[in-house]
Amino acid sequence: MASNVRASFELKGRNYIVTGGAQGIGLALCRAIAEMGGNVAILDMQDEPKEETKRLAEATGQKITYFQADVTNETSLKSAFQSAIDALGSVHGLVTSAGIALEKPFAQHTWKEVNKIQEVNVSGTYFSTQLFAEQIAKQGTGGSVVLVASITSHTVLPSHRMSAYSASKGAVRMLSQVLSTELAPLGIRVNSISPGFIDTEQTKVVRESNAKIAHLMFNAPPLKRIGTTDDLVGAVVYLLSDAANYTTGTDIAITGGLHIGRQIDT
Ligand SMILES: NC(=O)c1ccc[n+]([C@@H]2O[C@H](COP(=O)([O-])OP(=O)(O)OC[C@H]3O[C@@H](n4cnc5c(N)ncnc54)[C@H](O)[C@@H]3O)[C@@H](O)[C@H]2O)c1
C-alpha cells in the first residue's frame, strides 16, 4: 500500500541545526522546520538571537536553542556544534544558510574580501557539513543536508557584479553534488537550493549600493517580483523530510524563473 504523503512531509520528533539562522532566509527556515514539528539549534555569529527567534519556541511549541558561532573559526564552530548536539540529544538534518555577499566590480575586489567570502560561504559550509556527517556516523541514523547556494551558481546578470560571491556559490552547489555520493554510504542525502533575489538584509545592502540591480531584482524575474523567504521554505522542508527519501545530489532553483531567462533587457 502507498505511504501517507502528508505524513511524509512532517518533521515531528526530529532535530535540526541551521547555520546563519539569526535572520533572513535562515530564520525563515528555522520557523518552517519548527512549524513542521522539528526542534532547531541555531548557529550564528550574532551575539544574541533576535526577539522573533525567542518567540518562535512559544509560537510553535518546539525547542529552539541558539548558539553564537563563527563558521570560519574551527574552535568556535566545533564548540557550538557540540553544544547544539548536547541540547538536541541527536540530529537529523543540517541547513547551511550562513553566508555573506559583496557587490562591486571584479577589478575592485581585494584579496581580503575574496578570501573572506570563500571562507564563510565555502569553508563554513564545508566544515559544518563535515561535523554533521561525523555526528551521523556516530548515531548510525542517516540524515539530510540542505546547502544554500544561489542563482549566481547558475547564471549571470550583466549588471550583477558579484564575481567572488558567484564563485563561492558555484563551489557550494558542486560541493552538494560531490558530498551526495561521498556521504550516501552513511545514509546522508545532500541537496542544495539556489534562491534568486530574495528580499532580506543581504539583498537590501546590494540594492542600496546599485540602483540598476535594485530595478532588476523586482523586474527581471519572469514572475515579475522579488522573492520572499516564504518562497523558499516548502522546498527545504521537502528536502529535509521523508518525502525526499530518494532525492540526493539535486539543486532546486527558486528564482521566479530567472535562471531560465530574463523578463527585461539588462
Ligand atoms: N537574499 C538573497 O537574495 C539570497 C539569494 C541567494 C542565496 N542567498 C544565500 O542565502 C543565505 C542567507 O542569506 P540572507 O539573505 O538570509 O542573508 P542575511 O545577511 O540576512 O543572513 C545571513 C546570516 O548569516 C550569518 N553569518 C554571516 N557570517 C557568518 C559566520 N562567519 N558565521 C556564522 N554566521 C554567519 C549572519 O549573522 C546572518 O544572520 C546566504 O548564504 C546567502 O548567500 C541569499
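## A walk around Leu27, the core and the ligand shell

Leaving aside neighbours within four places in sequence, Leu27 is in contact with Gly21, Ala22, Glu52 and Thr53. Keep in mind as you look around that this is a predicted model. Leu27 sits in helix H2. Is Leu27 buried or exposed? Leu27 counts as buried, because 23 C-beta neighbours lie inside 10 Å and the cut-off for buried is 20 or more. Now find Ala167, which is 140 residues from Leu27 along the chain: the two C-alpha atoms are separated by 25 Å.

Helix H2 spans residues 24-35, and it supplies at least two residues of the shell around the ligand. Helix H5 (111-139) and H7 do that too. In total, 30 residues surround the ligand, and the closest are Gly20, Gly24, Gly99, Thr200 and Gln202. What is this shell made of? Sorted by type, it holds 13 nonpolar, 14 polar and three charged residues.

H2 turns up again in the largest nonpolar core, which has 75 residues. Leu29, Cys30 and Val236 have the most contacts inside that core. H2 gives the most to this core, namely eight residues. Take Val236 as an example: if you skip residues up to four places away in sequence, Val236 touches Leu29, Ala32, Val95, Val146 and Ile193.

Val236 is also one of the buried residues of H9, along with Asp231, Leu232, Val233, Val237, Leu239 and Leu240. What covers the buried residues of H9? The cover includes H2 and S7, plus strands S1 (15-19), S4 (93-96), S5 (143-148) and S6 (188-195).

Strand S7 (residues 251-254) is where you'll find Ile254. Not counting residues up to four places away in sequence, Ile254 touches Ile193, Ser194, Pro195, Gly196, Gly227, Asp231, Leu232 and Ala235. Asp231 is 23 residues from Ile254 along the chain, and their C-alpha atoms are separated by 7.5 Å.

Here are three residues side by side, with their C-beta counts.

| Residue | Other C-beta atoms within 10 Å | Status |
|---|---|---|
| Leu27 | 23 C-beta atoms | buried |
| Ile254 | 20 C-beta atoms | buried |
| Lys224 | 12 C-beta atoms | exposed |

Lys224 deserves a stop of its own. Lys224 lies in the loop between H8 and helix H9 (230-240). Most residues other than glycine have a negative phi. Lys224, though, has a positive phi, near 60 degrees. Why does Lys224 count as exposed? Lys224 has 12 other C-beta atoms within 10 Å, and 12 or fewer means exposed.

On to helix H8, which runs over residues 211-219 and has Ile213, Leu216 and Met217 buried. Looking down the axis of H8, you see these buried residues fall within an arc of 100 degrees, so they line one face of the helix. There's a general rule to recall here: an α-helix has 3.6 residues a turn, so residues three or four places apart point the same way. Part of what covers the buried residues of H8 is helix H7 (201-209). H7 is also one of the helices in the ligand shell.

Finally, zoom out to the record. An unreviewed UniProt entry carries the annotation "domain: Ketoreductase" for residues 14-196. Over that stretch, the chain is 47% helix and 19% strand, with the end C-alpha atoms 29 Å apart.

Terms used:
Residues numbered from 1 in each chain as written. Predicted model: local features only at pLDDT ≥ 70, side-chain atom pairs only at ≥ 80, totals over all residues. UniProt positions renumbered as here; feature names shortened; annotations may be inferred. Helix = DSSP H or I, 4+ residues; strand = E, 2+ residues; numbered from the N terminus. Arc of directions from axis to C-beta. Contact = placed C-beta atoms within 7 Å. Near = placed C-beta within 6 Å. Nonpolar A, V, L, I, M, F, W, Y, C, P; charged D, E, K, R; others polar. Core = buried A, V, L, I, M, F, W, Y, C linked by C-beta atoms within 7 Å.
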